[in-house]
Amino acid sequence: MSGKIMAINAGSSSLKFQLFSMRNAQSGQGEEQVLCQGLIERIGMDDAVFNLRAGDVKWRETLPIADCRQGAEHLLRALIEHNIIDSLDEIIGVGHRVAHGGEAFADSVLITPDVLDKIEQLGLLAPLHNPVNALGIRVFQHALPDARAVAVFDTAFHQTLSQTAYLYPLPWRYYEELGIRRYGFHGTSHKYVSTVCAERMGRPLAELRIVSCHLGNGSSLCAIGHGRSVNTSMGFTPQAGIMMGTRSGDIDPSILPFIQQTEGKSAAEINHLINNQSGLLGISGISHDYRDVEQAASQGDSRAQVALELFAERIRAVIGSYIVQLGGIDALIFTGGIGENARNARQQICRDLTFLGIELDDDKNQKNQFFIQKDSGPVQIAIVNTNEELMIARDVMRVAQPLSAQPALALQ
């Protein structure tokens, strides 16, 4: 199978996309060329913004886009108008990022009507994401009825977690009846960067013990043993784990009813507090953006300095626990907007970890080299630029069979 593959990430008011030319049916790798990429923002507004880039050429326009369907139609017209493709028939596959696969999906899967129904049912676990993802699937199935559609789940990579890693010590019925357990997220990113790191190390991924740090406004760590997710810091929701841009991460759960009772807040207000007003923003009082907090800290702002220290210490604690679970470590990966660009964050996280074999080379770190460990360091420390869209396209190539007749899903 070879041809043009589109990767789609549909949000409630946005549509992110990349179009690839792909070759090599066996692995989905080989010849991989980005033909274009872009983002439609403010869907549902009269001043929606359409951004498209093909190579060094960029297009930007503001126009009314009422819904996801109009956005998709405008995108597909633009591909032809700007001579990126000659015909929509060239697009043989569409990969859709889906937030939650629950326990139903341990891998990416070809989308059938039954699969789509299950994705919508899992909206109970991801009410802000899965329904929108399902709508995006229906829209592109309608617009490209002959293209194979594949769902790529953020949670799928973590379905290898053991019961002791994914269960919460609550009454059993909450897991059995409501599905409350650790699911984890950022799985597509963790899978991609660990694969790239192993390739650059020249070693089989199946031999390696890796801790992957996806650090951005949303952040998660993943312990990867022999190519499989062993543990991950996000949990039942993306709120769990380390401190993030606006999320608190793990805290004493009794804090929440205490605040609720003391300040008379509703459950929704408490949820907003820990998801949108905490983390770097909450501690610094300045911004959720690591760069803004870092700048304030450099100018002597004490709360900003504390925020950066707390961010690093929470990550260091998880790294240590994951090394114990893995029985050692061969590689530590930094990815995501902070992981790939914040040199001081990497330095703070790796500080005083030489007893674990983690020895950062300051010069390599400042130059943002791929490997930034000291030459004598036994543990590889890598900066890997994540590419979830490419991973989605590869999964389309891997999962989808040669094209044949496939019933189109009704657009509802």
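Here are some worked exercises on a predicted model, each with a task and a stepwise solution.

**Exercise 1. Confidence**

Task: Find what the average pLDDT of the protein is, and where the pLDDT falls below 50.

Solution.
- Step 1. Start with the whole protein: the pLDDT averages 94, and 95% of the residues score at least 70.
- Step 2. Now look for weak stretches. Over residues 25-29 the pLDDT is below 50, and this stretch has ten contacts in the model beyond near neighbours in sequence.
- Step 3. Residues 403-412 also stay under 50, and here the model has 23 contacts beyond four places in sequence.
- Step 4. Keep a general caution in mind: predicted coordinates should not be read in detail where pLDDT is low.

**Exercise 2. Is strand β8 enclosed or open?**

Task: Work out how strand β8 is covered, and which strands pair with it.

Solution.
- Step 1. Take the strand, residues 148-153, and check burial, for which the relative accessible area must be under 20%. Six of the six residues pass, so β8 is largely enclosed by the rest of the structure.
- Step 2. Separate the two faces. In a regular strand, side chains alternate between the two faces of the sheet.
- Step 3. On one side of β8 sit R148, V150 and V152, and on the other A149, A151 and F153; all are buried, and both faces are covered.
- Step 4. Turn to the pairing. Strand β6 (residues 91-98) runs parallel to β8 and is joined to it by six bridges, with H96 as the bridge partner of A151.
- Step 5. Strand β7 (residues 109-110) pairs with β8 in the antiparallel sense over two bridges, and L110 stands opposite V150.

**Exercise 3. A five-stranded sheet and its helices**

Task: Lay out the order of the open sheet of five strands, name its edges, and place the helices that lie across it.

Solution.
- Step 1. Write down the order: β11-β10-β9-β12-β13, with mixed pairing.
- Step 2. Mark the edges. These are β11 (228-232) and β13 (380-383), each of which pairs on one side only.
- Step 3. Add the twist, which averages 20° from one strand to the next.
- Step 4. Look at one pairing in detail: β12 (residues 331-335) and β13 are parallel over four bridges, and L332 stands opposite I381 of β13.
- Step 5. Place the helices. Helix α11 lies across β9 (209-214), β10 (220-225), β11 and β12, at about 15° to β10. Helix α13 (residues 343-350) lies across β12 and β13, at about 150° to β12.

**Exercise 4. Aromatic rings**

Task: Classify the ring pairs Y290–F311 and F370–F371, then look for charges that sit over rings.

Solution.
- Step 1. Begin with the total: the whole structure holds seven aromatic pairs.
- Step 2. Y290 and F311 are 5.6 Å apart, centre to centre, with 55° between the planes, and the pair is tilted.
- Step 3. Ask what this pair ties together. Y290 belongs to helix α10 (residues 290-298) and F311 to helix α11 (residues 302-326), so the pair links parts that are 21 residues apart in sequence.
- Step 4. Check burial: Y290 is buried at 4% relative accessibility, and F311 is buried at 1%.
- Step 5. F370 and F371 form an edge-to-face pair, 4.8 Å centre to centre and 80° between the planes. F370 is buried at 17% and F371 at 18%.
- Step 6. Note the cluster as well: ring pairs link Y166, W172 and Y175.
- Step 7. Finish with the charges. The charged end of R200 sits over the ring of F370, 4.0 Å from its centre, while that of R173 sits over the ring of Y174 at 4.3 Å.

**Exercise 5. Two buried helix residues**

Task: Describe the surroundings of V196 and E389.

Solution.
- Step 1. V196 is found in helix α6 (residues 187-201) and is buried, with a relative accessible area of 15%.
- Step 2. Beyond its neighbours within four places in sequence, V196 contacts F370 and V384.
- Step 3. Compare sequence with space: V196 and T386 are 190 residues apart in sequence but 9.2 Å apart, C-alpha to C-alpha.
- Step 4. E389 lies in helix α15 (residues 388-399) and is buried at 11%.
- Step 5. Not counting residues up to four places away in sequence, E389 touches A7, K16, Q18 and F20.

Note on methods:
Residues are numbered from 1 along each chain as its sequence is written. Side-chain values use heavy atoms; hydrogens and water are left out. Rings of Phe, Tyr and Trp (its six-membered ring) pair if their centres lie within 6.5 Å; planes under 30 degrees apart count as stacked, over 60 as edge-to-face and the rest as tilted. Buried means under 20% relative accessible area, exposed over 50%, partly exposed in between (1.4 Å probe, protein chains only). A charge sits over a ring if NZ of Lys or CZ of Arg is within 6 Å of the ring centre and within 35 degrees of the ring normal. Two strands pair if DSSP finds at least two bridges between them. Axes are lines fitted to C-alpha atoms, for helices over the stretch in contact, and angles run from 0 to 180 degrees between N-to-C directions. Contact means heavy atoms within 4.5 Å. pLDDT is the predictor's confidence in each residue, from 0 to 100.
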